[in-house]
Amino acid sequence: MEEQRQKMLADISHDLKTPITTIQGYAKALADGMIAEEEQKKYLNKIYNKSIELTDLINTFYEYSKLEHPDFSFCFESIEIYEFLREYLAERYEEISDKGFELELDIPEDHAFCNVDKFQLKRAFDNIVNNSIKHNPKGTRLFINVTMDEQQSLNKFVRIVIADNGVGIPQELTASIFDPFVVGDDSRTSKQGSGLGLSISRKIIEGHGGNIALETGEEKGYKTAFKIFIPLLGQ
Ligand SMILES: Nc1ncnc2c1ncn2[C@@H]1O[C@H](COP(=O)(O)OP(=O)(O)OP(=O)(O)O)[C@@H](O)[C@H]1O
Ligand SMILES: [Mg+2]
């Protein structure tokens, strides 16, 4: 446990240090008059963008630690899950297509009720959908398939598959992909992901009495597919 905490602090420090070092370098160069006047604006913009990155990172750490806190509790309410998902995806549709991605939906027309914390569940979906956009090239297709799952023992679940036909997750990452700070090469190098997105999603979904798994294999043209189960109300 202590070892885990130490590793987490080391990871957080490293993630914060990288953008701060860049900001310091640019700021010092500007202060020392090393940057030609016509270039100065460009450097100020770089500083600004790095500081935004830093804020995003700090927010992610904060969200993660909030979920870990013993006093944290979800604000559950009974909702119609299919409509909730349709609304959520409608809200995100424009941004996803503006960024050059395709979105394909298959959500039942009837009704199913679940006990959810809407804010947190949106965050769980956001992290997964954002990954499809962040880690894949334009033109990648996102599929969202929702069905009623009555197979699992006596309990009934809503089954939500969020998938894409992008680059896929390297096999060596699949076993640990939901652990904090696990990132692929792209996040480690250019994209500055903290590796907390999927661990936050898992915590939220498990907090709903559900589960999430990464589907391996390439059935139906999916490269990456997350299968999520959320219990139906009244079970
Ligand atoms: N849809 C996807 N396609 C390709 N790779 C993915 C996809 N989803 C996740 N990954 C890989 O899994 C890693 C872990 O994802 P996770 O969301 O936990 O962290 P991150 O996106 O790197 O950082 P953060 O979400 O904290 O900004 C990513 O770095 C990426 O390599
Ligand atoms: Mg992510």
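# Two domains and one buried alanine

In this predicted model, 14 residues of domain 1 are in contact with 11 residues of domain 2. Let's work through what surrounds that contact.

**Exercise 1. Find the two domains in the sequence and say how far apart their centres lie.**

Step 1: Start with the bounds. The domain assignment places domain 1 at residues 2-68 and domain 2 at 77-231.

Step 2: Now take the centres over C-alpha atoms; 28 Å separate them.

**Exercise 2. Describe the area that the two domains bury between them.**

Step 1: The total is about 1,200 Å², and carbon and sulfur atoms account for 71% of it.

Step 2: Look at who contributes on the domain 1 side. Glu 63, Tyr 64 and Leu 67 lose the most area to domain 2, and together they make up 42% of what that side buries.

**Exercise 3. Work out how many salt bridges cross the interface, and look at the pair Glu 63 and Arg 123.**

Step 1: The rule finds 2 salt bridges between domain 1 and domain 2.

Step 2: Glu 63 and Arg 123 form a salt bridge, with their closest N and O atoms 3.2 Å apart. The cut-off for such a pair is 4 Å, so this one qualifies.

Step 3: Next, ask which helices build the domain 1 side. Helix 1 (2-31) and helix 2 (37-68) each supply at least two residues of the side that touches domain 2. Helix 2 gives the largest share, 8 residues.

Step 4: Sort that side by class: 6 residues are nonpolar, 2 are polar and 6 are charged.

**Exercise 4. Decide whether Ala 124 is buried or exposed, and list its contacts beyond its sequence neighbours.**

Step 1: Locate the residue. Ala 124 sits in helix 4, which covers residues 118-134.

Step 2: Check its relative accessibility, which is 0%. Buried means under 20%, so Ala 124 counts as buried.

Step 3: Set aside the neighbours within four places in sequence. Ala 124 then touches Ser 201, Ile 204 and Ile 205.

**Exercise 5. Step back and summarise the whole protein: its elements, its box and its buried share.**

Step 1: Count the elements: there are 7 helices and 7 strands. Along the sequence they run α-α-β-α-β-β-α-β-β-α-α-α-β-β.

Step 2: Picture the box. Along the principal axes, the C-alpha atoms fill roughly 70 × 45 × 35 Å.

Step 3: Of the 235 residues, 37% are buried.

Step 4: Finally, consider contacts between residues at least 6 apart in sequence; 73% of them join residues at least 24 apart.

Technical notes: Residues are numbered from 1 along each chain as its sequence is written. Chains are lettered from A and ligands numbered from 1 in the order in which they are written. This is a predicted model: local features need pLDDT of at least 70, side-chain atom pairs count only at pLDDT 80 or more; totals for chains, interfaces and linings use all residues. Side-chain values use heavy atoms; hydrogens and water are left out. Helices (H or I, at least four residues) and strands (E, at least two) are DSSP runs, numbered from the N terminus. Buried means under 20% relative accessible area, exposed over 50%, partly exposed in between (1.4 Å probe, protein chains only). Contact means heavy atoms within 4.5 Å. Domain bounds come from an automatic or database domain assignment. Buried area is the accessible area (1.4 Å probe) that two parts lose on being put together, summed over both. A salt bridge is a side-chain nitrogen of Lys or Arg within 4 Å of a carboxyl oxygen of Asp or Glu. Ala, Val, Leu, Ile, Met, Phe, Trp, Tyr, Cys and Pro count as nonpolar, Asp, Glu, Lys and Arg as charged, and the others, Gly among them, as polar.
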